[in-house]
Amino acid sequence: QASILPCPAPCGRLLAGQCRPARRRGMAAEEAAREGTLELELGSLSGETVGQVSIKAAVPARELVKRARALLGDPRGVVSLVNGTEMVSEDLPVGEQVLHGARVQCLVAPVCEQLQRDVVRSVFEGRALGGAEWQIWELVESLEDVDDLTGVALPGALRSLAFGRRFNRSLLGVVLPSGLQSLTFGVAFNQSLDGVPLPSGLQHL
């Protein structure tokens with residue numbers, strides 16, 4: 001199990017990517033950045049090993065976070081990585097922050113409801129998600145009064161999707177998450193669902 005951290009205050013500064021880790025510089029980091037592949041060990045603060053990861057040094061550390069989430073069983077929280085005493089920035093290459101053979105600690109923090117609402121608002125206002133906000137979006141299980149899905153990739157954890165009263169657009173090209181169980185349309189919707197792949201577990205339509 002990874003270490004569970006309380007939700008930081010003020011609400012979610014770290015989770016929203018507003019606390020920026022220091023970028024590691026120097027000869028060692030530059031050499032690591034030039035290496036092809038890094039072999040890393042992921043662990044918890046309690047000393048338990050989460051798993052071993054092989055990853056390209058040049059890829060953004062967000063890919064390492066995704067690997068960590070998978071090894072942790074996709075926890076209901078935001079996963080942050082710590083190398084030594086420094087937070088690993090998802091936006092920088094792995095090799096600029098972590099050396100070959102390093103042990104990287106995994107921290108899991110619960111998500112504040114207010115922070116999740118803020119992230120949902122950002123997505124539907126078309127704002128780019130920064131830092132760990134993409135993880136918060138992927139944890140959203142229910143969306144209501146949705147009027148437009150243009151440019152929106154629905155979160156993987158979504159279980160319930162309810163459109164607004166005036167929504168009347170085709171769902172062709174919209175990828176509905178495989179775990180979606182409830183899909184609700186408003187009174188104005190009269191589009192055909194022919195050709196729209198519906199999840200096999202859908203229970204309410």
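## Around Gln105

In this predicted model, Gln105 touches Gly43, Ser44, Leu45, Ser80, Leu81 and Val82, leaving aside residues up to four places away in sequence. Gln105 itself lies in strand E6. Is its side buried or exposed to solvent? Neither label fits: Gln105 is partly exposed, with a relative accessible area of 23%.

One more distance helps to place this residue. Val88 is 17 residues from Gln105 along the chain, and the C-alpha atoms of the two are separated by 9.8 Å.

## Helix H2 and what it packs on

Strand E6 turns up again when you look at helix H2, which spans residues 62-71. Which residues of H2 are buried? They are Leu64, Val65, Ala68 and Arg69. These four cover an arc of only 145° around the axis, so they sit on the same side of H2.

The buried residues of H2 have several packing partners. Four are strands: E2 (37-43), E3 (49-56), E4 (78-83) and E6 (103-109). Helix H4 (133-138) is on the list as well. Just past the end of H2, Gly73 takes a positive phi of about 80°.

There is also a charge-on-ring arrangement to look for here. Lys66 lies over the face of Trp134, at 5.6 Å from the ring centre. By residue number, Lys66 falls within H2 (62-71), while Trp134 falls within H4 (133-138).

## The E7-E8-E9 sheet

Now for a sheet further along the chain. Three strands make up an open sheet in the order E7-E8-E9, and the pairing is parallel. Why is one side of E7 and of E9 left without a neighbour in the sheet? Strand E7 (142-146) and strand E9 (182-184) stand at the edges and have a single partner strand each, so nothing in the sheet pairs with their other side. From one strand to the next, the twist averages 5°.

Strand E8 covers residues 160-163 and pairs with E7 in the parallel sense over three bridges. If you want a residue to find that pairing by, Val146 has Phe163 in E8 as its bridge partner. E8 also runs parallel to E9, again with three bridges joining them. On that side, Ser160 has Ser182 in E9 as its bridge partner.

## The phenylalanine cluster

Phe163, the bridge partner of Val146, also has a part in the aromatic pairs. The structure holds five of these pairs. In one of them, the rings of Phe163 and Phe167 have their centres 4.1 Å apart and their planes at 15°, so the pair counts as stacked. Planes under 30 degrees apart are what earns that label. Both residues are buried: the relative accessible area is 6% for Phe163 and 3% for Phe167.

Phe185 and Phe189 form another stacked pair, with 4.0 Å centre to centre and 15° between the planes. How do these two residues fare for burial? Phe189 is buried, with a relative accessible area of 15%, whereas Phe185 counts as partly exposed at 22%. The dividing line is 20%, so Phe189 falls on the buried side and Phe185 does not.

These two pairs belong together. Ring pairs link Phe163, Phe167, Phe185 and Phe189 into a cluster.

Definitions and conventions: Residues numbered from 1 in each chain as written. Predicted model: local features only at pLDDT ≥ 70, side-chain atom pairs only at ≥ 80, totals over all residues. Heavy atoms only, no water. Phe/Tyr/Trp six-rings, centres within 6.5 Å; stacked < 30°, edge-to-face > 60°. Buried < 20%, exposed > 50% of the residue type's maximum accessible area, 1.4 Å probe, protein only. Lys NZ or Arg CZ within 6 Å of the ring centre and 35° of its normal. Helix = DSSP H or I, 4+ residues; strand = E, 2+ residues; numbered from the N terminus. Arc of directions from axis to C-beta. Contact = heavy atoms within 4.5 Å. Pairing = 2+ DSSP bridges. Axes fitted to C-alpha atoms, helices over the stretch in contact; angles between N-to-C directions.
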